[in-house]
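Keep the sequence and the 3D view open side by side. The text below walks through the structure one region at a time.

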Amino acid sequence: MQTIILAGGRGARLDPYSRILPKPLFPIGDKPIAAILIEQLKKAGTDEVIMCLGYLSDLIKTYFQDGSEFGLTIRYSVESEPLGTAGPLKGVEGLKDNFVVVNGDELTTLDFRALYEHHRTVQADMTVAVQKKTTHSSFGVLEIQDGQVIAYAEKPTLNYWASMGIYVINKTVLSYIPDNEKYDMPNLVQCLIQNGAKVSSYESQDLWFDIGTLGDLEKAKEQLEKFKF
């Protein structure tokens, strides 16, 4: 199994700490976030990791080297300008027919092998790992049609599916990504849907943290004992 880790972001919401340390190297316990992720991927059957880098790339390469310490191969693709979350994929050479893509700041108990096999079983062009979320509105929510109020709910509970930032992609999808332009995963998903491609969902109830802020980082540390690696 081949996996791309997207680890090129600036991590602005973790400023000022991210000025000196890239987000994938932020520690959870005694290991960086990305090291925990790579160990999970190894156990799931990943034998090659491609890390797409940008900001402070040399620090990440110095830490992970060629991957031999983790029992797999690690190679790197470095962007000179920020290309978003989908744009970097276009510049990666030697991709297999299907590959996993994951953000480098993910901490989750998701079964990556099960996700990958689901994608292959349903023969999707792209599979998105999703998790159901609930939000409580502080306002009355109205439905408007042609200037008329046709429904009203007072402070409703809203349910929605959130992308976990984890995907399996068929290599043919790369043709939809423009060359050397900033292009994000939501753009790619919308483009695939508009062109009739098969975009599958993989529903997860696993523990999942997207480490975007210092608060997220502290919550992840508190929950560390629940992770089963």
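Which residues of the largest nonpolar core touch the most other members? The model is a predicted one. In it, this core holds 30 residues. I5, I38, M51, F64, I74, F112 and I166 touch the most other members. Several elements give two or more residues each: β1, α1, β4, α2, β6 (98-103), α3 (112-122) and β11 (157-170). Helix α1 gives the most, with six residues. In soluble globular proteins, nonpolar side chains tend to be buried together.

Take F112 as a way in. Leaving out residues up to four places away in sequence, F112 touches M1, L37, Q40, L41, A44, V100, V102 and I166. One of these, I166, is also on the list of core residues that touch the most other members. There is a second core, separate from this one. The second core has 25 residues, including A86, F99, M185 and L192.

Now turn to helix α2, which spans residues 57-64. Where do its buried residues point when seen down the axis? S57, I60 and F64 are the buried ones. Down the axis of α2, they fall within an arc of 65 degrees, so they line one face of the helix. The spacing rule helps here. An α-helix has 3.6 residues a turn, so residues three or four places apart point the same way. On the other side of α2, D58 and T62 are exposed.

What do the buried residues of α2 pack against? Their partners are β1 (2-7), α1 (33-44), β4 (48-53) and β5 (73-78). F64 itself is among the residues with the most contacts to other members of the largest core. Just after the helix comes Q65. The phi of Q65 is positive, near 50 degrees.

Next, look at two residues on the helices already met. A114 sits in α3. Its relative accessible area is 28%, so A114 is partly exposed. A114 and A44 are 70 residues apart in sequence, yet their C-alpha atoms are 8.5 Å apart in space. A44 is also one of the residues that F112 touches.

E39 lies in helix α1. E39 has 28% relative accessibility and therefore counts as partly exposed. Set aside its neighbours within four places in sequence, and E39 is in contact with K31 and F70.

From E39, move to Q131. The two are 92 residues apart in sequence and 22 Å apart in space, C-alpha to C-alpha. Q131 belongs to strand β8, residues 126-136. Is Q131 buried or exposed? Q131 counts as buried because its relative accessibility is 8%, and the cut-off for buried is under 20%. Its side chain reaches the backbone oxygen of D206 at 2.8 Å. D206 is also among the residues that Q131 touches beyond four places in sequence. The others are Y160, W161, A162, M164, S204, Q205 and W208.

Last comes a pocket. How much space lies in the second largest one? The volume is about 200 Å³. Its lining is made of 15 residues. E79, L83, G87, G91 and N180 lie nearest the centre of this pocket. Strands β4 and β5 each supply at least two residues of the lining. Both strands also pack against the buried residues of α2.

Technical notes
Residues are numbered from 1 along each chain as its sequence is written. This is a predicted model: local features need pLDDT of at least 70, side-chain atom pairs count only at pLDDT 80 or more; totals for chains, interfaces and linings use all residues. Side-chain values use heavy atoms; hydrogens and water are left out. Buried means under 20% relative accessible area, exposed over 50%, partly exposed in between (1.4 Å probe, protein chains only). Helices (H or I, at least four residues) and strands (E, at least two) are DSSP runs, numbered from the N terminus. The arc is that of the directions from the helix axis to the C-beta atoms. Contact means heavy atoms within 4.5 Å. A nonpolar core is a set of buried Ala, Val, Leu, Ile, Met, Phe, Trp, Tyr and Cys residues joined through side-chain atoms within 4.5 Å. A polar contact is a pair of N or O atoms within 3.5 Å; within protein, one must be able to donate a hydrogen and the other to accept it, and residues adjacent in sequence count only if both atoms are side-chain atoms. On a 1 Å grid over the protein atoms alone, a cavity is a set of points where a 1.4 Å probe fits but cannot get out, and a pocket is an open set with protein on both sides within 12 Å along at least five of seven lines; lining residues have an atom within 4 Å of a point. Grid points are joined across faces, edges and corners, and a volume is the space filled by probe spheres set on the points.
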